[in-house]
Amino acid sequence: MAFPPSFIDELTARNPIEDVVGQYVTLKRSGANLFGLCPFHGEKTPSFSVAPDKGIYYCFGCHKGGGVINFMMEIEGLSYPDAVRALAKRVGMEVPEDEQYQSRYRQQERLWALSKEAARFFNRQLYLPPGAQGLAYAQKRGMPKSTLIRFGIGFAPNSWTSLCDAMREKGYTDQELKDSGLASVSQKNGRIYDRFRNRLMFPIIDVRGNVIGFGGRVMDDSKPKYLNSPETIIFNKRKNLFALNLAKKSKLDYLILVEGYMDAVALHQYGFDCAVASLGTALTEEHAALLSRYTENVVLIYDGDQAGQDATRRAIPMLERAGLQVKVLQMRDAKDPDEFLKKFGADRFRILLEESSNRVEYQLRAIAKKYDLHVDEDRVRFISEAAEFVSSLGNAVQREVYGTRAAEAAGISYEAMKIEVEKAYRRRLGREKKKQEKIDLSPAQKLQPKSRSIRYDNMKSAMAEEGIISMVLREPALLDEAQSLKPETFSSPLLGKVFSQLRERFSEGLEISVSGLADLEPEEMSHVAGILQRQRGPVSEQAFRDCVATVQAENQSSHIETVEDLMEFRNKMKERKGIRE
């Protein structure tokens, strides 16, 4: 959105990046910068840095970076204008009128308000005659009134237009009802009707307390069992989890991830207030990142059928990539947590939790289930697959411990299993060595941006362009030295766009900073922040002139540089301005 540059400058000045980041990350000073554990990926050694003098953050592990606005976008999952609004609210600034921005935000506010009114409507219906069936079903499922109130559970009457009629009386339009996902459109006559009918209704509430959607459950065996809100401008099922608004307040040091709303509700009801559920979709990378903001430990409890086990195997690596420690609980004598808790109670469930296996034990058992270990051919196949899996474990102690368990399951000696694991481990090392050698033999490839959406076609020119951007951000007066350099001369469209914006701000007397850059995607902003963080040496006018000359020369030349040309140029630049890798 086109906010006035002067407003953005004041906004970033009044929201020091170290103060904003410090609300989410514990930072410790090391020289001029502050360091902490990255909130965007799991790590044990801090690689997340904040540079107050530059107004940027950058993680050397996951390579996310940018200014204070980008940080708010990433950490809270906000759009650019919503991040601006959040920072303005933080310091009591008025957001200037921008019609496009104001229009979209007003639309979001209306849909949040509409969804909240709909949740109230559904809740009221549960206690009125049209909702008698829903209330009876909730009571049959063991949900007392306190649980219904805590989760805002309601009932959608078995009517085509009861919700639409009630919301129209509140002043909401048919278009807003469609935009919110609460109404559908008849293909026959174009009229709108209630999307949810004759269902127990579960409001979906985000971590900021906004009602963003609904899940409706039938009370019999009809299909679909759950009907969820469609994607809207306020609801994205890939980025939200049911009951996280409650679970984030839990004092337990783990979160329980289940498949269904009823399982999550039952767990909360029995004292396990750390349960969340995905919203009718498979676990996503966004879900894993969201969970990692609130815990380091996740217990997976998916259904025991084949679909549930497949989902568990897919979820484990996603959660681990987000830095989470994963345990897997497998139900006994019940199909899901809701049934187990009603049959056996919280104490027995607590024992199950304590006995939940780590992901390695779970995956070994899953491999064993694929084979009949009383049949020699199956035992051989199990040993081969188990050895390959054990060889992937991070250290020798793990490989020994779980290699022993695999040997016991197969009924062979540990020595024999150890030989198979070591053979698989050597094969793995060989594959990884070849892969690394391929990378090492391609220095130009190593210098490519981390984001796949940003590529350098002319590496020699791009290295010079990075140098120009880095030096201008640290010493804006150098722009006077580059009067003849045009943005279209840059081989990288991104760096040309950044250069153009910096020069425009300089000519208008505005502050030159990463935070002042506009219209950049998060990956692009991270890349620019990374350039500034990597190139920390002193600014040299001669090095700057050399970079400008290289960009202009490369623009006029059609040759593709050799690896030797590229390395010679990089070494020359390092001598000129002391770039530290």
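What volume does the largest cavity have? About 60 Å³, and here are some notes on that cavity and on the cysteines.

1. Before you start: this is a predicted model, where local features need pLDDT of at least 70, side-chain atom pairs count only at pLDDT 80 or more, and totals for chains, interfaces and linings use all residues. Residues are numbered from 1 along each chain as its sequence is written, and side-chain values use heavy atoms, with hydrogens and water left out.

2. You'll find one cavity of 30 Å³ or more in the structure. A cavity here is a set of points on a 1 Å grid over the protein atoms alone where a 1.4 Å probe fits but cannot get out, and lining residues have an atom within 4 Å of a point. The volume is the space filled by probe spheres set on the points, which are joined across faces, edges and corners.

3. Now for the walls: the largest cavity is lined by R150, F151, P203, I205, F242, A243, N245 and L246. Helix 7 (145–151), strand 9 (199–205) and helix 10 (244–247) are the elements that each give two or more residues to this lining. Helices (H or I, at least four residues) and strands (E, at least two) are DSSP runs, numbered from the N terminus.

4. On to the cysteines: a search of the whole structure turns up zero disulfides (pairs of cysteine sulfur atoms within 2.5 Å). For C38, the closest cysteine sulfur is in C59, and at 3.7 Å it is too far for a bond. C62 is in no disulfide either, with the sulfur of C59 as its nearest, 3.7 Å away.

Terms used. On a 1 Å grid over the protein atoms alone, a cavity is a set of points where a 1.4 Å probe fits but cannot get out, and a pocket is an open set with protein on both sides within 12 Å along at least five of seven lines; lining residues have an atom within 4 Å of a point.
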